[in-house]
Amino acid sequence: AAAGVAIGNLTTQLVQMGIQAAKSIPQLIEHSIDLADEMGKAAQKAMVSVEAFSALSYAAKLSDVGVEGLTTGLGRLNRTLADAQGGNEKVAKAFSDLGLNVMNFSGTTDEAFSQIAEGFKNMADGPAKADAAFKILGRGWQQLAPLMNTGAEGIARATEEAEKLGITISGETFRASEEFNDNLKRLQESV
């Protein structure tokens, strides 16, 4: 009889756990949709594809760098690249100090970021490194320093890991999440 009661109690507990798990599924879906929407909007602010940004944000997370710091840093990098390629010699020198020729950048911002990270990693710590990082990435360079110190190889390894884990977000997923959230807001406003 005691075994029957124990089995009954265990069954009840398992059913309750199953009910709780089922209740959390909609919350998990909502969180995933919100995350894809937020990631896509941050990528737009940084002027990087959502695929590249989501993979790079995973690399940043491994270095304790937040999405906001990454967004700001990439946005600043876009402006700095344009300035340097437009003839601003002071900024071009900052790239040169990292062993890079700004005129050789022809790819995407995330590719340039990896090359800059490699130069940053290879430069000796000290005032010259801090000055170059400040001129290229602005005041937020210190937030990005742990990620930059992993170099191009560290960033590539982490972004490949993100792809293998399936946590990169496609442009299509972002657009669908954005549309879903926008429609949900419209529905909430009409009630």
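Start with the overall make-up: this protein has nine helices and zero strands. Keep in mind as you look around that this is a predicted model. If you walk along the sequence, the pattern you read off is α-α-α-α-α-α-α-α-α.

Now for some whole-protein numbers. The protein has 191 residues, and 37% of them count as buried. On the outside, about 11,500 Å² is exposed, with carbon and sulfur atoms supplying 55% of that area. What about contacts between residues at least 6 apart in sequence? Of those, 68% join residues that are at least 24 apart.

You can see a long stretch of sequence being bridged if you find Lys-41. This residue sits in helix H1, which covers residues 2-46. Lys-41 and Glu-178 are 137 residues apart in sequence, yet their C-alpha atoms are 8.7 Å apart in space. Is Lys-41 buried, exposed or partly exposed? Its relative accessibility is 27%, so Lys-41 counts as partly exposed, since that label covers values between 20% and 50%.

Next, let's look at how helices pack, using helix H6 as our base. H6 runs over residues 127-137, and helix H4 spans residues 89-97. The two pack at an angle of about 130°, and their axes are 9 Å apart. What do we call that arrangement? H4 and H6 are oblique to each other, because an angle from 65 to 115 degrees would count as roughly perpendicular and one over 145 as roughly antiparallel. As H4 passes H6, the crossing is left-handed.

Which residues do the touching here? From H4 come Lys-90, Val-91, Ala-94, Phe-95 and Asp-97, and they meet Ala-132, Lys-135 and Ile-136 in H6. Sort this contact of H4 with H6 by class and you get five nonpolar residues, three charged ones and no polar ones.

H6 also packs against helix H7, which is made of residues 141-148. This time the angle is about 110°, with the axes 10 Å apart. H6 and H7 are therefore roughly perpendicular to each other, and their crossing is right-handed. On the H6 side, the contact is made by Ala-130, Ala-133, Phe-134 and Leu-137; on the H7 side, Trp-141, Leu-144 and Met-148 take part. What classes show up in the contact of H6 with H7? There are seven nonpolar residues, with no polar and no charged ones.

Two residues are worth a visit in this part of the model. One is Asp-131, which is found in H6. With a relative accessible area of 33%, Asp-131 is partly exposed. Ten residues further along the chain you reach Trp-141, and the C-alpha atoms of Asp-131 and Trp-141 are separated by 9.8 Å.

The other is Met-148, found in helix H7. Its relative accessibility is just 1%, so Met-148 counts as buried, as the cut-off for that label is under 20%. Who are its contacts? Leaving out residues up to four places away in sequence, Met-148 touches Phe-113, Ile-116, Ala-117, Phe-120, Lys-121 and Leu-137. You have already met Leu-137 among the H6 residues in the contact with H7. Finally, try finding Gln-115, which is 33 residues from Met-148 along the chain: their C-alpha atoms are separated by 9.6 Å.

Note on methods. Residues numbered from 1 in each chain as written. Predicted model: local features only at pLDDT ≥ 70, side-chain atom pairs only at ≥ 80, totals over all residues. Heavy atoms only, no water. Axes fitted to C-alpha atoms, helices over the stretch in contact; angles between N-to-C directions. Helix = DSSP H or I, 4+ residues; strand = E, 2+ residues; numbered from the N terminus. Parallel < 35°, antiparallel > 145°, perpendicular 65-115°, else oblique. Left-handed = near helix turned anticlockwise from the far one by under 90°. Contact = heavy atoms within 4.5 Å. Nonpolar A, V, L, I, M, F, W, Y, C, P; charged D, E, K, R; others polar. Buried < 20%, exposed > 50% of the residue type's maximum accessible area, 1.4 Å probe, protein only. Areas by Shrake-Rupley, 256 points an atom, 1.4 Å probe, with all protein chains shown as cover.
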